Amino acid sequence: MTDHRRVDTWLTDMDGVLVHEEDAIPGASEFVEVLKASGKRFLVLTNNSIFTPRDLAARLRGSGIDVPEQAIWTSALATAQFLAEQRPEGSAYVVGEAGLVTAMHDVGYVMTDRDPDYVVLGETRTYSFEAITRAIRLIEKGARFIATNPDPSGPSPAGTLPATGSVAALISTATGRQPYYIGKPNPLMMRSALNRLDAHSETTLMVGDRMDTDIISGLEAGLRTVLVLTGSTSRAQIEHFPYRPTRVVDSVADLVELVGDPDPS
Ligand SMILES: [Mg+2]
């Protein structure tokens with residue numbers, strides 16, 4: 001699949017592309033360095049809503065990858081921006097961590113448990129029965145239900161951790177109301193990243209390790225896509241999907257030389 005559109009903007013997933021948990025994937029640091037040196041616009045995308053971009057930049061630095069915090073786009077930021085556009089200076093009851101609470105404050109939202117416009121659910125490791133109960137009652141009273149991302153579980157060294165999608169399912173079961181999810185695979189995550197960069201879909205490439213999140217949302221946002229095989233997808237699995245990435249590479253190391261290439265697809 002070759003075309004002759006140039007690539008001005010790169011979006012890349014984080015986990016499974018640049019890092020595995022805390023460990024850098026070989027080539028990730030070089031890839032980020034060549035992106036910075038190229039002067040091209042880029043954002044590192046993550047559905048993780050626990051951390052602020054500053055926290056994530058520090059964690060990536062700890063792994064040997066130097067990404068400026070301005071170049072990190074989380075589902076928490078996308079959620080806050082979406083809500084600020086939908087209902088400026090609104091109010092929300094937030095179940096989540098600093099990454100989400102900070103993002104909501106930064107767009108001018110008031111956090112309240114009294115008649116909020118929205119209940120906003122993000123990732124947290126400290127879910128409480130009390131907070132979930134409050135969220136359920138507020139949704140029953142008319143608060144709109146938003147969740148940062150639908151991921152049902154996440155990895156940890158000790159094994160599976162329940163994630164935002166699982167807690168959202170609990171609230172949905174109790175209320176009969178489904179949340180609107182902002183993070184991948186909603187292409188809104190890509191559109192908001194493009195808006196943030198003032199970039200255009202035709203000249204943007206999305207790099208990811210998952211077909212059912214990174215590649216489908218990139219595709220639906222009109223981007224060209226690159227699947228790396230360092231994450232959760234093997235080469236054999238790609239053919240099972242009814243859609244395909246523009247390109248498949250072994251790892252991010254294979255992208256280093258493509259950043260300066262005018263026709264990398
Ligand atoms: Mg990933």
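**Exercise 1.** Which residues of helix α4 (residues 98-106) are buried? Then list what covers these residues.

*Solution.* The model is a predicted one.
Step 1. In α4, the buried residues are Gly-99, Leu-100, Val-101, Ala-103 and Met-104.
Step 2. Their cover includes the helices α2 (53-62) and α3 (75-86). It also includes the strands β5 (72-74), β6 (91-95), β7 (110-111) and β8 (118-121).
Step 3. Look just past the end of the helix: Gly-108, just after α4, has a positive phi of about 90 degrees.

**Exercise 2.** Describe how α3 and α4 are placed relative to each other.

*Solution.* Step 1. Decide what to state: a packed pair of helices is described by the angle between the two axes and the distance between them.
Step 2. The axes of α3 and α4 come within 8 Å, and they cross at roughly 30 degrees.
Step 3. Angles under 35 degrees count as roughly parallel, and α3 and α4 are therefore roughly parallel to each other.
Step 4. The crossing of α3 past α4 is right-handed.
Step 5. On the α3 side, the contact is made by Ala-76, Leu-77, Thr-79 and Ala-80. On the α4 side, Gly-99, Leu-100, Ala-103, Met-104 and Asp-106 take part.

**Exercise 3.** Examine β6 and its pairing with β7.

*Solution.* Step 1. Four of the five residues of β6 are buried, so this strand is mostly covered.
Step 2. β6 pairs with β7 in the parallel sense, over two bridges.
Step 3. Within this pairing, Ala-92 stands opposite Met-111 in β7.

**Exercise 4.** What is the strand order of the open sheet of six strands? Find its edges too.

*Solution.* Step 1. The order is β5-β4-β1-β13-β14-β15, and the pairing is parallel.
Step 2. β5 and β15 (247-249) are the edge strands, each pairing on one side only.
Step 3. From one strand to the next, the twist averages 25 degrees.
Step 4. Take one pair from the sheet: β13 (residues 204-208) and β14 (residues 224-228) pair in the parallel sense over four bridges. Val-207 stands opposite Val-226 in β14.

**Exercise 5.** Which residues does UniProt list for "active site"? Locate each one and decide whether it is buried.

*Solution.* Step 1. The UniProt record, an unreviewed entry, lists Asp-13 and Asp-15 under this heading.
Step 2. Asp-13 is in strand β1 (residues 9-13), while Asp-15 is in the loop between β1 and β2 (19-20).
Step 3. Apply the cut-off of 20 or more C-beta atoms within 10 Å for a buried residue. Asp-13 counts as buried because it has 25 C-beta neighbours inside 10 Å. Asp-15 has 19 such neighbours and therefore counts as partly exposed.
Step 4. Setting aside neighbours within four places in sequence, Asp-13 is in contact with Leu-45, Val-207, Gly-208, Asp-209 and Asp-214. Val-207 has already appeared, opposite Val-226 in β14.

**Exercise 6.** Where is Lys-40 found, and what is it in contact with?

*Solution.* Step 1. Lys-40 is in the loop between α1 (28-38) and β4 (41-46).
Step 2. Lys-40 has 19 C-beta neighbours inside 10 Å, so this residue counts as partly exposed.
Step 3. Apart from neighbours within four places in sequence, the contacts of Lys-40 are Asp-8, Thr-9, Trp-10, Leu-35 and Val-259.
Step 4. Compare sequence with space: Lys-40 and Gly-260 are 220 residues apart along the chain, and their C-alpha atoms are separated by 9.2 Å.

Terms used: Residues numbered from 1 in each chain as written. Predicted model: local features only at pLDDT ≥ 70, side-chain atom pairs only at ≥ 80, totals over all residues. Buried ≥ 20, exposed ≤ 12 C-beta atoms within 10 Å, placed from the backbone. Contact = placed C-beta atoms within 7 Å. Pairing = 2+ DSSP bridges. Axes fitted to C-alpha atoms, helices over the stretch in contact; angles between N-to-C directions. UniProt positions renumbered as here; feature names shortened; annotations may be inferred. Parallel < 35°, antiparallel > 145°, perpendicular 65-115°, else oblique. Left-handed = near helix turned anticlockwise from the far one by under 90°.
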